[in-house]
Amino acid sequence: MGCGSCASGGCGTKEGSAVSGCGSNGTCGTGGCNKMNVFDWLSHMDVPASQKFDVVEVKFKGGRKEYFRNINQLDFFTGDYVVCEMASGQHIGTISLQGELVRLQMKRKNVAISDDIHVIYRIANEKDLDKHTQAMAREMPTLYRTREIIREMKLNMKLSDVEFQSDNTKTTFYYSSEERVDFRELIKSLASEFKVRIEMRQISLRQEASRLGGLGSCGRELCCSTWLTDFKNISTSAARYQNLSLNPAKLSGQCGRLKCCLNYELETYIDALRDIPTVDVPLKTKKGTATLQKTDIFKKIMWFGFEKDTNWYPVAIDKVLEIMELNKNNVIPESLEILTPEPEKKLDRGTQSLNSDLANLDRKYSEEQKKKKKKKSRNGNKNRGAKPPQAATPSSPQ
């Protein structure tokens, strides 16, 4: 959401203007207008025009971002529509970042600062925005028609998105395929039908999910379509380190590949696994051989089970090392039950859980109910042992 009284323009609004964005006035429920958004935390700093960095970051459809030079020294606010120079023609995008943060982003992405960077012509006027709207209206019909042509030509490719340039001189088709595709005849057919310059751009399945968006199994928007910009290699070993079941249905994202979030906590698990021993063979005890069933990595407890016993027994890591050392010396301990970790000590009053007050109240009322039951039983016993009052006998006449 944006605000309507931001003087700095860091959130995409001008002072006294309406909320910027998709026109929903801050009630957008899908989050599509905030895709790959950034926060300019240096927007409140006034920098002299001579020292201001003249390269700005512009965002286009699908979260794609490019860098352009502001040679005309125009004053921009985040969210403004600008007309940018492209390799062939012009295109309209929105300002996503400016100032010194752009220099840091270019350094992080290894983008060289040179005169070859395209420039920004002007802030888009109503005529430019009308052309841009007409170009966007052609995208969906073109997407459906192109899919029909692909099926007729029997090409093994999946067309996921179409982007028209704002001046209607170039169209980019984004597709994914697992094999090399010869689309020369396809380009001729598309150029003759749509009368524009055609560019075919192959993207990976992760990039396709990033452009289309959606909700993950966690209930939130996909990381690739909201903030994730680079995709790292993800293997099944990341799931093994975290003791996750190797179920493809649970480990795969909407792109059909392993979820990117498997790498988020991987380093923490690897650090915790350094202190946990590797149990290659079952532990020998007089009760039988104990096989490792599961490991609680952060509590440093390993669970073992015997062959004909359905119970699992928790053993601390130091005890496991001790039993392994005894087995190496051909010494067999009594059983794992003796070596189970001691119960946790009761915490102090200041470190008890938040539910301790409820437990104390339950204990208090249960004790009061027991006392009431004892009093009732005592009163009942007294009434039973007492003699009933005798009726008064009439006195004899004298």
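Two strands are said to pair if DSSP finds at least two bridges between them. In this predicted model, strand β1 (residues 55-59) meets that condition with strand β4 (residues 90-97), since the two pair in the antiparallel sense over three bridges. Within this pairing, valine 58 stands opposite isoleucine 95 of β4. Strand β1 also pairs with strand β2 (residues 65-69), again in the antiparallel sense, and here five bridges are found. Lysine 59 of β1 has lysine 65 of β2 as its bridge partner. The hairpin formed by β1 and β2 has five residues between the strands, and in this hairpin glycine 62 adopts a positive phi near 80°.

The surroundings of β1 were examined next. Five of the five residues in β1 are buried, so the strand is largely enclosed by the rest of the structure. The cover extends to both faces of β1. On one side the buried residues are Val55, Glu57 and Lys59, and on the other they are Val56 and Val58.

A further region concerns helix α3 (residues 139-153), in which methionine 153 is found. Methionine 153 has a relative accessible area of 31% and is therefore partly exposed, as this value falls between the limits of 20% and 50%. The C-alpha atoms of methionine 153 and leucine 186 are 7.9 Å apart in space, while the two residues are 33 residues apart in sequence. Lysine 154 belongs to the loop between α3 and β6 (158-164). The relative accessibility of lysine 154 is 74%, so this residue counts as exposed.

Backbone angles with a positive phi were also noted outside glycine. Most residues other than glycine have a negative phi. Lysine 154, however, has a positive phi, near 55°. Asparagine 330 likewise has a positive value, with phi near 60°. Asparagine 330 lies in the loop between α10 (317-328) and α11. With a relative accessible area of 72%, asparagine 330 is exposed.

Helix α11 spans residues 356-385 and contains lysine 371. Lysine 371 has a relative accessibility of 54% and so counts as exposed, the cut-off being over 50%. On the surface, Lys371 gathers with Lys370, Lys372, Lys373, Lys374 and Lys375 in a patch of positive charge.

Definitions and conventions. Residues are numbered from 1 along each chain as its sequence is written. This is a predicted model: local features need pLDDT of at least 70, side-chain atom pairs count only at pLDDT 80 or more; totals for chains, interfaces and linings use all residues. Side-chain values use heavy atoms; hydrogens and water are left out. Patches are made of residues with over 30% relative accessible area and no salt bridge: like charges are joined within 9 Å, nonpolar side chains (Val, Leu, Ile, Met, Phe, Trp, Tyr) within 5 Å. Accessible areas come from the Shrake-Rupley method with a 1.4 Å probe; for residues, only the protein chains shown count as cover. A salt bridge is a side-chain nitrogen of Lys or Arg within 4 Å of a carboxyl oxygen of Asp or Glu. Lys and Arg count as positive and Asp and Glu as negative; His and the chain ends are not counted. The place of a charge is taken as NZ of Lys, CZ of Arg, CG of Asp or CD of Glu. Helices (H or I, at least four residues) and strands (E, at least two) are DSSP runs, numbered from the N terminus. Buried means under 20% relative accessible area, exposed over 50%, partly exposed in between (1.4 Å probe, protein chains only).
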